Amino acid sequence: MDKNNLLLKINGATYEVRCEARKLLSDAIREDCGLTGTHVGCEHGVCGACTVLLDGRPARACLTYAAQADVMEITTIEAIAQGEQLSPLQQAMHECHGLQCGFCTPGIVMTFEAYLRECPDPTEAQVRDVLSGNLCRCTGYQNIVRAILLAAARIREGGSHVAA
Amino acid sequence: MSQPEFRYLNRAQGRTEDFRLLTGQGRYLDDIVIPGALHACFVRSPHAHARILSIDVAAAQAAPGVRAVVTGADLAQWTTSLRMAPPIEGVVPVEVETLPRDVVRFQGDPVACVIATDRYLAEDAAEQVLVDYEPLEPVTDMWRALEPGAAQVDPMVARNLVSHQQAVHGEPSQHMQDAYRIVEASFSQQRQTQLPIETRGCAAQWDAGRNHMTLHIGIQVPHALRSQLAVRLKLDESQVSVISPDVGGSFGQKIALYREELVVAALARQLKTPVRWREDRLENLMAAAHSREDFCRTRAAVDEHGVLQALELEMREDFGAYCFFPANYLARVVAMVLSGPYRLQHYAYDVKIVLTNKCGNAPMRAPMSITSWVMDGTLDAIARELQLDPVEVRRRNMLLPADLPYTTATGEVIEDVTPSETFEAVVAAVDYRDFRARQSAARANGRYLGLGFCTVVEPTTYGSRFYKAAGIIGSGHEAAWIRIEPSGVVNASVGLGPSGQGYETPMAAAVAEGLGVAPSRVRILLGHTDIAPYGMGSRGARSGTAGGGALYLCAQKAARKVLAIAAHWLDAADDDVRMIDAVIEQRKQGSDDWQASGLILADIARRAYLDPTALPDGYTPGLEFHLTYDPPAMTYSNASHACEVELDPGTGTLRIARYVIAEDCGTLLNPVVVEGQQHGAIAMGLSGALFEHVNYDESGQNLSGSLADYLIATSTELPKLEIIPMHTPNRRTAAGIKGMAEGGVMGALGSLTNAVNDALMPFGAVIDSHPITPMRVRELLRGIDTN
Amino acid sequence: MKPAAFDYHRPGSLADALSLLESFADDAKVIAGGQSLGPMMNMRLAQPQHLIDLNGLTELAGIRETADALVIGAMTRHHDVATSAIVRAACPLLADAVATVGHYAIRQRGTLGGSLVHADPAAQIPLAAVTLGATVEIAGARGTREAQAADFIESVMTTDLAAHEMVTAVRFPKSGVAQGHGFEIMTRRHGDFAIVACAVAIELDGDIIRALRIGLGGVSDKPVLLEQLAAQFCGEARHADLAQRIGAAAAAAIDPEDSAEISSTFRREVALVLTRRAVEQALGRAGH
């Protein structure tokens, strides 16, 4: 039950966290850092709701210990919008009705903010392939896929953050 | 029938929820910070059926961070039991203790609760609670459960038969005797669970100074929960507030007061410290609520043309071990609406609801999900048996516009639905003749295509008269209030319980439409029992019709007072003023030339609140309105689904090649939201038909314990849906709204299964149970020559 | 589902890691990507007293090419293996297999070594390693050793690693220019654990099979290399129903067990179809 002091670098800021080694990064982000946009859906790596970026790469926060993460740059959903301005992907999700209850949404946004940087011109099949790692119970995925393809097209055309 | 001209309804509006949800600023249960809150963790039975001999909490109590460890004996002092005794013929009353003291009835049944400073420590301590069980023989099969000698799940329910309802309408036996042919078919749906991505949870705060309980909880029925919670805690109803925050999905699961939430609330009061609980996913799969697991057998009397003469339905549902919800609810609906879009006057049903040692059932999006699969599947069976075209058989039995209004065998009045129109629309959309040609050509090349249809008449909104007729305690009404503030903005509330459907925007549109303001000027308040009027919450697909209807009518009531004040102010006739987007317009009497009058809503509001003596005679100060709306006894919407599949007989795998649906759900509060609901419902239906399965073994162990075992469809398994909108309004409901949200599940189950069976025709095999796994398909095909 | 408490160690070098393993042995588990161990620990199915985090050992990540082999560090992420141009060129069967592991996000963290040591009988990397005749490089405080993948994997989730040892790299023979490969997998859903998987590597001499390697996953307690079958078909010429015959022979050569949901007959039937398809793929690519 020993607690350790950690400095977590999240969204460019540094958070002082004191917790047990076993504390999951998902819990540390939410409870110790007060960033509740990252959601917990299963704690066994299947649903993808807790997906954050570790050194720019998507990762399940529930499968990482906070103690492991102090050497990484962590990015969460709170970093994506710029004030009132949504990213092209967030904006497209809104326009295409790609979210309903919103619980799985941050995990999907984080996954694709990274993926679209790596693969700016994906096919629908590729989008569905990557999206298959995020479970959504509300939307049937169709509008999410449409939103991602729309965002990809806009980003390729030089699109950036827009006012919500 | 044409749609009335609306300014805001039937028009797409972006959702106001989206900004906060997309940026991680939603406020779900676990996002709410409650300083000093303790965390709960439940100790659960590993056995499906066992006597509790003793519970030793000493080691757990001494564990680090632990504040309390309680059992059923403690809870019995602080709470009352649940008595579920609906005055319905054929339903046996049951009583459920807060936590079991003597016997556990399913694997996962909670027997103790640990309260600690964090969940990690609570889980550590929970492992140290020593429970001595004496395992008992379980019953895990709804067939064996009714046989003599089967273990009894509930001491109050003899033979495990918690509900048995039968009815005979017309002369079905006579028609069976005289029939040209009797066709039998059966349909078996597996046990499933709602699986919202956000599990159950709650946070309870007891204000000892005010003697008041506040429970934060995601819930579809905030007021009903408040009423229940007060009774169980032996408090007055005014001593309890229920606040539902943003909810990460529910689908019927978060609709009852379960034992865990009651325990958490009771402990917050006892400990005088806030207590919170988050159910983890393993608990959610094992012990939240299950659903479906129903079986139907039909016997259809037909003439040589495949026209139905009579139908007998035998139905059985495995309800699990506990009734947190009336046990007969779903079956009652299935039996009642079975004939759906088809003509049938001679009908008998026998519905049995059975208890077993599994987690208890709650409704799951479309609790009557099996209905349309059964009906359309029966027609397909008739077509196979008589070697007729399945589309022709449907045409011969389908309700036509001239048949409406149609009173079904069970006395339901079907009107303002368009099943034959939606059916013909999908038949045309898939180019039926062309499909048969392609199917033939494909077979010649060793490929197996199939096309399945399913037409759904979805009961969406139940009015109070329905409940009365069914003998169910409860109302179908909904309540709304609207307050136009002195500055002219609008606050409004309705008694619904959202769980992600995005009510804020369509409800604002309903107010906007009825009142004459822009939706952006309307704020909708939901889910807080101190703020919202006492309503029946969200279930089925009532929110649009009952909730939107109540707000729309209340807004019209508000508009009448606003315009009366404006007319008086302008010295005009009531008919010669109107309000559009908060601008009061006036026309000269006798002309149709509307002009801005110089007054806006804010002016009217200020007069009403701050200068009431200037109001017309008979008008009281303020602009606050309340209204309750009781929709018709039943409102229906309808849709037809068509699904094309390709089957790989070598591996038993399926690919959905195309999915088309033509739908009619009347006036749309927001077409974008409606489309999203349709996608979600169909996705859940396809996922259920293909993948989901809560799988118990014979000893009552739940083998589908994690998301690696309980499978739901991902983006790669679901097709792109093509939706053909064919909306016609209902003439009896407010604004012509019909509602929708569950029919997609019903249509998906039917159209997919019928498509698979169409593909299997050359093999003479029929699938009659779900999930349709490759293993099951191979089992059917094994031994049949595929060449 | 919170894990039980443990002591956390993050060695900065391989030597430090091995020293920790030597000290703690059976009381320790190493964590690489955490995609398999994480869920087990959150469910308390694994409760090591000591967790040794290998993510600081950057020297163990990377793909190196020698004259006849690809040496892939144990800490190399699936995503890097699947998208590597070197792997694509020199060992395309491995690239194809790894691209199907889990999902995109899982592949960012999961590692080659982690998956191999996890030794799920249906998993892609153990199957590819056994089929291709990979060599596993192992280190302990007491020294290093090597093992053939087929010997290294002993049974379900069991390898011959001692408690004080860890895998440092896996060596895959490079595929020849005339080689064709095929990889087929059957899952319930995209990205799920395989029910059955088949990996095939074929070398043709004109139209004659010169070398044939067929591996099946999910049909036994570990990946099965069908050596006898392969020998049987060597020397045969490519012809219309060759793939079907190889598929049928593969199905006959295995002896899968019945499990609750999936019968042995079903696995055999699927093995036949997957093997046929993988062989067809491989034949199509061979000689080009």
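Val114(B) and Val511(B) touch the most other members of the largest nonpolar core, which has 418 residues in this predicted model. Such a core is a set of buried Ala, Val, Leu, Ile, Met, Phe, Trp, Tyr and Cys residues joined through C-beta atoms within 7 Å; a residue is buried if 20 or more other C-beta atoms, placed from the backbone, lie within 10 Å of its own. Helix α16 (residues 542–570) of chain B gives this core its largest share, twelve residues (helices are DSSP runs of H or I, at least four residues, and strands are runs of E, at least two, numbered from the N terminus). Beyond its neighbours within four places in sequence, Val114(B) is in contact with residues including Cys41(B), Val43(B), Ala60(B) and Val129(B), contact being C-beta atoms, placed from the backbone, within 7 Å.

An automatic or database assignment sets the domain bounds, and chain B receives three entries, tabulated here.

| Domain of chain B | Residues |
|---|---|
| domain 1 | 18–23 + 477–629 |
| domain 2 | 32–136 + 199–247 + 254–288 |
| domain 3 | 290–465 + 632–781 |

The centres of domain 2 and domain 3 of chain B, taken over C-alpha atoms, are 37 Å apart. Across their boundary, 21 residues of domain 2 of chain B contact 23 residues of domain 3 of chain B. On the domain 2 side, α8(B) supplies the largest share, five residues.

Between chains, 14 residues of chain C contact 15 residues of chain B. Helix α12 (residues 264–285) of chain C contributes four residues to the chain C side, its largest share.

Residues are numbered from 1 along each chain as its sequence is written, and chains are lettered from A and ligands numbered from 1 in the order written. As the model is predicted, local features need pLDDT of at least 70 and side-chain atom pairs count only at pLDDT 80 or more, while totals for chains, interfaces and linings use all residues.

Notes
Two residues are in contact if their C-beta atoms, placed from the backbone, lie within 7 Å. A residue is buried if 20 or more other C-beta atoms lie within 10 Å of its own, exposed if 12 or fewer, and partly exposed in between; C-beta atoms are placed from the backbone.
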